[in-house]
Amino acid sequence: MSAALLSQLLNGLQYGLLLFLIASGLTLVFGVLGIINLAHGSLFMIGAYIVFFVVSKVGSLWIAIPVAVICGLALGALLERFLFRHFYDREHLDQVLLTFALILIFEEVRSLLVGNDFHSVPVPAILDFSVPITGTFSYAAYRLFVIAMCLVVAAVLFYWIERTKMGAIIRAAAEKPEIVDILGIDARRIHLVVFAVGAALAVMAGGLAAPLTSVYPNMGSGLLIISFVVVVVGGLGSVSGAFWAALLIGLIDTLGKAYGSSLVSLPLGQVLAALASMSVYIVMVAILLFRPTGLFGRRA
Amino acid sequence: MSSSHMLPQSWIGWCALAVGALVLAILPFYVPSYYVGLTTVAMIAAMLALSVHLLVGGAGMVSLCHGAFYGVGAYTVFFLSPEGSPQPTWLTLPAAMLVSGLCALVVGALSIRTKGFFFLMVTLAFGQMLFTVLHDTKLGGGTDGAYLAKPILSLFGYTFDPMSLPRSQRSFPAYYVALGQLVVTYLALAFLLRSLFGRVLHGIKLNEHRMEALGYNTGLYKLGAFTIAGVFAGAAGHMWSLQSGFVNPELLAWHKSAEALLMILLGGINSLAGAIIGAFAFTALGEVALSLTDRKLLVQGLVVLLAVIVLRHGIAGIRLRDPRRWLQSIRSSGKWPNLTVRKPVQEARQND
């Protein structure tokens with residue numbers, strides 16, 4: 001395997017795992033709360049900006065990321081308590097518009113507070129080296145760290161959802177909310193926790209991504225759409241579906257982008273390049289045609 | 001004769017619409033030319049909002065791909081007439097409607113397999129796919145967009161050149177074409193909603209399974225509505241290129257669809273004319289916000305937030321006689337959620 005391909009595969013893995021952090025929040029929030037949150041991408045951006053702000057003040061990513069996660073939990077809890085709670089019974093259209101308004105507000109508040117410039121966050125010194133993987137190829141240690149962190153978070157999330165009592169309640173609330181209510185469990189608390197965790201996951205993804213990409217306005221909007229694709233491919237409300245779909249979409253998107261531009265020189269190159277940039281959506285169409293409920297969704 | 005729920009229920013409503021059209025018809029002679037251009041933009045937005053209202057109000061389908069068809073309509077003019085060689089409107093308008101309609105047919109055929117939340121996400125992804133094609137490749141001028149030759153207004157060999165008008169009246173032709181197109185769009189959609197087709201769509205909005213049981217091929221009706229809405233969105237996009245002479249990928253972005261939905265909500269979800277009212281209100285809101293502060297989007301965002309929370313039936317739904325409804329809606333928005341099964345969950349379960 002050539003070094004270039006190996007590095008693209010690792011990039012795809014790392015991108016896919018970040019996608020998982022975002023998409024798992026989306027899919028949980030829809031599955032349990034029935035809410036469409038278009039502002040989920042803005043939470044990613046907020047995470048990156050919090051990390052940028054804390055690193056520029058304190059100078060340490062190891063403080064910045066926990067701070068961002070705590071802020072994400074708090075922000076998610078506030079949003080759920082004061083806004084989303086009142087929208088569970090409302091039409092999809094109202095939810096779409098509410099979250100669209102939130103995107104506008106988040107972006108403008110960000111622009112008021114920190115401006116519209118691009119910022120970069122330095123990789124922490126302890127991880128600022130390359131790990132040799134084969135004789136000729138080495139890979140940035142921070143990217144490996146991101147992969148490891150995402151895997152740890154995914155494992156904790158799985159344990160929480162599948163093995164703890166609260167996870168059982170959450171799964172039950174997604175399946176049969178009225179039974180959970182009848183059993184005397186406070187569904188409001190479950191909703192609050194799920195929304196806060198979903199928000200914190202997106203914020204954490206933004207924080208982890210900050211040293212990789214620069215921090216810039218609207219950085220979450222592209223990822224939002226791809227996360228929606230992940231949720232569709234994986235199956236609605238399924239965390240494990242989101243995991244495998246995120247890996248798949250992450251790899252396809254990275255490879256499509258990396259090799260799409262090299263196709264231009266071939267005959268019909270423009271068309272092939274256009275197809276490569278659409279590869280993720282083509283996968284989604286194929287899934288829709290053959291398995292409309294997603295790879296891991298319940299069968300119709 | 002019965003009337004559709006989306007149309008004015010008495011002659012008073014129709015008269016109000018006619019008066020509105022008349023006011024728009026004489027407006028350019030009384031306001032500075034800047035406002036003529038602004039009103040043209042508002043009318044184009046109104047056409048887009050009207051076309052998506054056929055889906056939302058008519059059939060209960062919330063699509064986030066609609067802005068993409070609008071952009072495709074505008075880009076069709078660009079592909080037909082790159083800068084320098086203008087084409088007549090009688091060629092570009094049908095072409096724009098045809099191309100947008102075809103895109104809508106393909107996207108619709110794939111997305112109506114899904115419902116509710118999935119439908120939203122799938123249309124969002126398709127819209128973004130069309131956006132990506134024009135944004136990432138060099139086909140349509142790439143990221144920055146491109147200038148195009150505005151279509152010429154010509155009919156039966158007689159050509160109309162806006163440059164022959166005095167300077168203060170150069171924006172008039174686009175204005176009146178937009179006004180004419182807006183009136184035609186409204187009447188065409190009103191006709192559609194009154195027809196059997198519109199009634200079946202309304203039935204689907206209320207209960208799709210029941211319509212299926214009655215023997216209607218609901219998928220075909222939904223696909224028809226999606227395609228027709230796409231055709232009208234393409235016509236609105238064509239009008240945009242006629243007015244501005246410029247296209248960029250942002251025309252296709254999903255924000256355009258969200259804005260059109262905002263206009264519908266702002267104007268009133270239960271009336272077709274609400275789309276027009278909402279488009280004018282939204283454009284005016286942006287203009288007022290710009291004159292007050294340079295944070296236009298913040299003002300718009302906050303107003304929309306307020307509208308979603310309080311103004312459940314939009315501007316057209318305000319009844320001055322009964323202020324209690326306002327109080328009621330404010331009160332009910334502060335209540336705890338009740339313990340019945342939630343709508344999206346119900347919907348998802350129906351889909352099982």
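Select B:Val133 to begin, a residue located in helix H5 of chain B, where helices (H or I, at least four residues) and strands (E, at least two) are DSSP runs numbered from the N terminus. The model is a predicted one, in which local features need pLDDT of at least 70 and side-chain atom pairs count only at pLDDT 80 or more, while totals for chains, interfaces and linings use all residues. Residues are numbered from 1 along each chain as its sequence is written, and chains are lettered from A, with ligands numbered from 1, in the order in which they are written.

Stay on B:Val133 and ask whether the residue is buried or exposed. B:Val133 is buried, because 20 other C-beta atoms lie within 10 Å; a residue is buried with 20 or more other C-beta atoms within 10 Å of its own, exposed with 12 or fewer, and partly exposed in between, the C-beta atoms being placed from the backbone. Next show its contacts (C-beta atoms, placed from the backbone, within 7 Å): leaving aside neighbours within four places in sequence, B:Val133 is in contact with A:Ala274, A:Ser277, A:Met278 and B:Leu139. Then add B:Pro249, which is 116 residues away from B:Val133 along the chain, with 9.1 Å between the two C-alpha atoms.

Widen the selection to the contact between the chains, which takes 43 residues from chain B and 41 residues from chain A. On the side of chain B that touches chain A, at least two residues each come from H5 (116–136), H10 (254–267), H12 (296–309) and H14 (343–351) of chain B, and H5(B) provides the largest share, 14 residues.

Now move to helix H1 of chain A, residues 3–33. Its 31 residues should span 45 Å at 1.5 Å a residue (the expected span being 1.5 Å times one less than the number of residues), and the end C-alpha atoms, 44 Å apart, agree with this. H1(A) is mostly covered, with 23 of its 31 residues buried, and just after H1(A) comes A:Gly34, with a positive phi of about 70 degrees.

Finally, colour by pLDDT, the predictor's confidence in each residue from 0 to 100. Chain A averages 86, with 96% of the residues scoring at least 70, and among its elements helix H11 (residues 269–277) has the lowest mean, 73, and helix H3 (residues 61–82) the highest, 92. Chain B averages 82, with 82% of the residues at 70 or above; confidence there is lowest in H14(B), at a mean of 62, and highest in helix H9 (residues 218–244), at 92. Where pLDDT is low, the predicted coordinates should not be read in detail.

Notes
Two residues are in contact if their C-beta atoms, placed from the backbone, lie within 7 Å.
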